[in-house]
Amino acid sequence: MSSVKRPDYLRSVLACSLFSALAGFSTTTVLAQDNYVVAGSAYNLENNQLIYRELYTGIDENQSVRVDYVTPEGNTFASKTLVYQGEPYQPSFNYEDTRDNEYVSAQFQGARLVLTHGMNSAQNEKVIYDNARMVIDAGFDAYIQLNWDKLVAGKRLKFDFAMPSRLSSLQLEVRKIKGPESPVYDANFGRDWIYFRIAPAQKFVSLFADPINLAYDPNGKYLMRFHGRSNIDDDSGGPQDVRIEYEYTN
């Protein structure tokens, strides 16, 4: 497995599938399209079927990354642009889904963080002024990397996570857990990985929300596996839980 040379905080932004073949296409073929540097695969937790792939371009001169979401057949149904111009854990982004004309964004306007969610012609916004500790979208990976030593030492850290689709935020807690405690643990592969769990910080809320489980390769602090609620709705517009496998390639 090779790695892409890039800023540490963009490592999960440039994540891709562990498998060398994705729905009949080789990783090399997938990455060759539109200068993609990364491909990722999301699998249904119930039947282990491939649901969608996410294809990432490299970061450009404007510090932006495009993410295209495609069906197993290769048809693009949604796209997202991430821009890293402030804190590494606070990328601004725009997301558009052509299946239901959904639009989601988190954009800074000076000191204000504006969350936007729209469907067809209807659109709503919310301004968050107290956003210094806010983690946005893929910025959760940067947050973990920036606090790696504390987390590996056993410290639990709390942060606010922006939820533009709900025009709100939620306080979450991340902590390291033992491998066998994680649903993404595999004794035959990734035995040396570091495992983290992200869950609502408030116990009452945690009763109604399943945690997100992550696996990292400590050699480079690369995110290798994700297990939990996807930020991509299913074709009916409902939530879906997935396992996403990641690999890094030149």
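Is D160 buried or exposed? D160 is buried, because its relative accessible area is 18%, and the cut-off for burial is under 20%. The structure is a predicted model, and the sections below take up its confidence, its charged pairs, its cores and its aromatic rings.

Confidence comes first. The protein has an average pLDDT of 84. A score of at least 70 is reached by 82% of the residues. Helix α3, residues 148-152, has the highest confidence, with a mean of 98. Strand β1, residues 21-22, has the lowest, with a mean of 31. Over residues 1-28, pLDDT stays under 50. The model still has 97 contacts beyond four places in sequence for that stretch. Where pLDDT is low, the predicted coordinates should not be read in detail.

Charged pairs come next. Side chains of opposite charge can pair when their charged atoms come close. Nine salt bridges are found in a search of the whole structure. In one of them, D160 meets R133, at 3.2 Å from N to O. D160 belongs to strand β12, residues 157-163, and R133 to the loop between β10 (122-128) and β11, so the bridge ties together parts that are 27 residues apart in sequence. The two partners can be set side by side. D160 is buried at 18% relative accessible area. R133 counts as partly exposed, at 43% relative accessibility.

A second salt bridge joins R229 and D241, with the closest N and O atoms 2.6 Å apart. R229 is in strand β16 (residues 222-229) and D241 in strand β17 (residues 241-245), so this pair ties together parts that are 12 residues apart in sequence. R229 counts as partly exposed, at 41% relative accessibility. D241 also counts as partly exposed, at 30%. Elsewhere, D97, R99 and D235 are joined into one network by salt bridges that share partners.

A further salt bridge pairs K80 with D137, and their closest N and O atoms are 2.8 Å apart. This pair links distant parts of the chain. K80 sits in strand β6, residues 76-83. D137 sits in the loop between β11 (134-135) and α2, and the two residues are 57 residues apart. Both K80 and D137 are buried. K80 has an aromatic partner as well: its charged end sits over the ring of F93, 5.8 Å from the ring centre.

Helix α2 spans residues 139-146 and is mostly covered. Seven of its eight residues are buried. These are G139, F140, D141, A142, Y143, I144 and Q145.

The nonpolar cores follow. In soluble globular proteins, nonpolar side chains tend to be buried together. The largest nonpolar core here has 46 residues, and I144 and V174 touch the most other members. Helix α2 supplies the largest share of this core, four residues. Which residues does V174 contact, leaving aside its neighbours within four places in sequence? They are Y143, I144, L151, K155, R156, L157, F159, F196, R197 and I198. Another core, of seven residues, lies apart from the largest one. Among its members are V184, W193, Y222 and M224.

Aromatic rings complete the picture. A pair of aromatic rings is described by the distance of the centres and the angle of the planes. The count of aromatic pairs comes to 11. In one pair, the rings of Y52 and F77 have centres 6.4 Å apart and planes at 80°, so the pair is edge-to-face. Y52 lies in strand β4 (residues 50-57) and F77 in strand β6, 25 residues apart. Both of these residues, Y52 and F77, are buried.

Y185 and Y195 form another edge-to-face pair, at 5.7 Å centre to centre and 70° between the planes. This pair too links distant parts of the chain. Y185 is in the loop between β13 (168-177) and β14 (194-200), whereas Y195 is in strand β14, 10 residues apart from Y185. Y185 is partly exposed, with 25% relative accessible area. Y195 is buried, with 1%. Y52 and F77 return in a wider group: Y52, Y69, F77 and Y95 form one aromatic cluster.

Definitions and conventions
Residues are numbered from 1 along each chain as its sequence is written. Side-chain values use heavy atoms; hydrogens and water are left out. Buried means under 20% relative accessible area, exposed over 50%, partly exposed in between (1.4 Å probe, protein chains only). A salt bridge is a side-chain nitrogen of Lys or Arg within 4 Å of a carboxyl oxygen of Asp or Glu. A nonpolar core is a set of buried Ala, Val, Leu, Ile, Met, Phe, Trp, Tyr and Cys residues joined through side-chain atoms within 4.5 Å. Contact means heavy atoms within 4.5 Å. Rings of Phe, Tyr and Trp (its six-membered ring) pair if their centres lie within 6.5 Å; planes under 30 degrees apart count as stacked, over 60 as edge-to-face and the rest as tilted. A charge sits over a ring if NZ of Lys or CZ of Arg is within 6 Å of the ring centre and within 35 degrees of the ring normal. pLDDT is the predictor's confidence in each residue, from 0 to 100.
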